[in-house]
Each structure stands twice: as structure tokens, then as C-alpha cells.
Amino acid sequence: MRINRIFVFICILMLYFSMDGKKHKFGVDTGFDNGAGVSVFGTLKQFLSRSHLDLKVSVGMSWMNPGNAALARKIFINNATNGVPETTGRSLNFRIDVSHPLNIKFLPNPRYYLGFRHSKFTGRFKYVGGNEDFNITSDPWGVGGGIETYFPMNRKLNFHITAGMDYFFSSHLQGHDTTYYPNNENVNSRKSYTYSDADSAINQPGLAFRLMAGISTHR
């Protein structure tokens, strides 16, 4: 938990400083990010002297189907089947990327990027009439990369497009009073269920596709 807070603090701090200098740009994206998503980002341009490397930090939120409601109830609570399930899912996403110019003739200003990811996933499972309402959470780390480009709109703003893939490593899944760990040293597991069963039932971040577009500044 302490490491997660330090990572979030670094992301917010770098995002702040990326918008407080002579060589920076910032913006907002929306589109598909393992679900409907929106993010804000800041970029430090040429953050290393005599290089073409940019440092980009982004913070965003995604909304998605959290998983199979019937299986979630069995794996994390009990075998009851009463109640009408209502589910919501969301992920708070943090990204740190280093980008470099890319030579693609038909795209203006293309860059490729690589970096680290951290996500805080929450899936809510409510069974109306069944007296059950609980969250399942995970906080996986990951890596990712992709390509971005931008088209000048006027003297101050660009139209920005980014596409990429993220891969998140296995993370523990916690819900109610039950926790499943990748090594299967589980806490209060139900029956003979394993981490693999829980991971299959819950749509925590794994291999995620990203396609976003938005507005960014020139600077």
C-alpha cells in the first residue's frame, strides 16, 4: 500500500511540474482504455539535454464490465443465487512514459512511447433483493507502449491521437473477507476455488488495448 501511494504521489508531482516550464505541453484524451476512458496528461519535452526524449505522465479513469456476477458471488461469498445483479467497474490509471520521434511519412509528428503502468481496479457487485453488496479490488502494475501523433488545429492547440497496448501483471483480488493471491496462498477462499478461478471471473486489468483522442497544447 505504501508503494502505491508513493507511485501516485510521483505521478501527480511530475504532472504538476510538466505544466510548469518553458518546454511542456498538456492535454486531455477520451476514448477506449480497456473500457470507456478519459485521462489528463502532461509532457516534459526533451527532459534530457541533447536528446529527443519526452517524459509523459498521465492520470485517467476507465469504466468497464467488472466480471461475471454469478461467479463472483460463488467465489468470494457463497452459492446463493437470489437477487438481481447490478454491476459497475472502474479503474484509476497512472502512466509514466518516455517517448521518441518516429519516422512515418504519412503521419505528422509521430512518436513511439514505452513506460510503466499502475491501476487501481474496483468492481461493485450488488444483488437487489439478495441482501449482498460488495466490492472486489486489485491494484496491478504493468508495462505498455504505443504510438501517438498530433495534428495542429491552430497556433495554440493540437488534435492528439494515441494507440497502444498495456500488459498488467497478476495482482491479488480482494472482496468481502476473501483474498485470492497469484501464488494461491489465499485467505478465506471458498470451497476449492483458486486464484485462476477468481481471475477468470473478474475483469481486472490484464492485456488492455488503448485508443484515445483529444486536445493538447503546442508548447
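Which side chain meets that of Arg210 in a salt bridge? In this predicted model, in which local features need pLDDT of at least 70, side-chain atom pairs count only at pLDDT 80 or more, and totals for chains, interfaces and linings use all residues, the partner is Asp33, at 3.4 Å from N to O. Residues are numbered from 1 along each chain as its sequence is written, and side-chain values use heavy atoms, with hydrogens and water left out.

A salt bridge is taken as a side-chain nitrogen of Lys or Arg within 4 Å of a carboxyl oxygen of Asp or Glu. By this rule the structure contains nine salt bridges. The bridge between Arg210 and Asp33 joins strand β11 (residues 207-217) to strand β1 (residues 24-33), with the two positions 177 residues apart in sequence; strands (E, at least two residues) are DSSP runs numbered from the N terminus. Arg210 has a relative accessible area of 6% and is buried, and Asp33, at 5%, is buried as well (buried means under 20% relative accessible area, exposed over 50%, partly exposed in between, with a 1.4 Å probe and protein chains only).

Asp97 and Arg117 form a further salt bridge, with their closest N and O atoms 2.9 Å apart. Asp97 belongs to strand β4 (residues 84-101) and Arg117 to strand β5 (residues 111-128), so this pair ties together parts 20 residues apart in sequence. Arg117 also meets Asp166 in a salt bridge of 2.8 Å, N to O. Asp166 lies in strand β8 (residues 157-168), 49 residues from Arg117. Asp97 and Arg117 are both buried, as is Asp166. A network of salt bridges links Asp33, Arg95, Asp97, Arg117, Asp166 and Arg210.

Six aromatic pairs are present. Rings of Phe, Tyr and Trp (its six-membered ring) pair if their centres lie within 6.5 Å; planes under 30 degrees apart count as stacked, over 60 as edge-to-face and the rest as tilted. Phe151 and Phe159 form a tilted pair, at 6.5 Å centre to centre and 35° between the planes. Phe151 is partly exposed at 32% relative accessibility, and Phe159 is partly exposed at 34%. The pair of Tyr167 and Phe169 is edge-to-face, with 5.5 Å between centres and 90° between planes. Tyr167 is partly exposed at 41%, and Phe169 at 42%.

Phe125, Tyr127 and Phe134 make up one aromatic cluster. Arg73 lies over the face of Tyr127, 4.4 Å from the ring centre; the criterion is NZ of Lys or CZ of Arg within 6 Å of the ring centre and within 35 degrees of the ring normal. The charged end of Lys56 sits over the ring of Phe41, 4.4 Å from its centre.

Notes. Helices (H or I, at least four residues) and strands (E, at least two) are DSSP runs, numbered from the N terminus.
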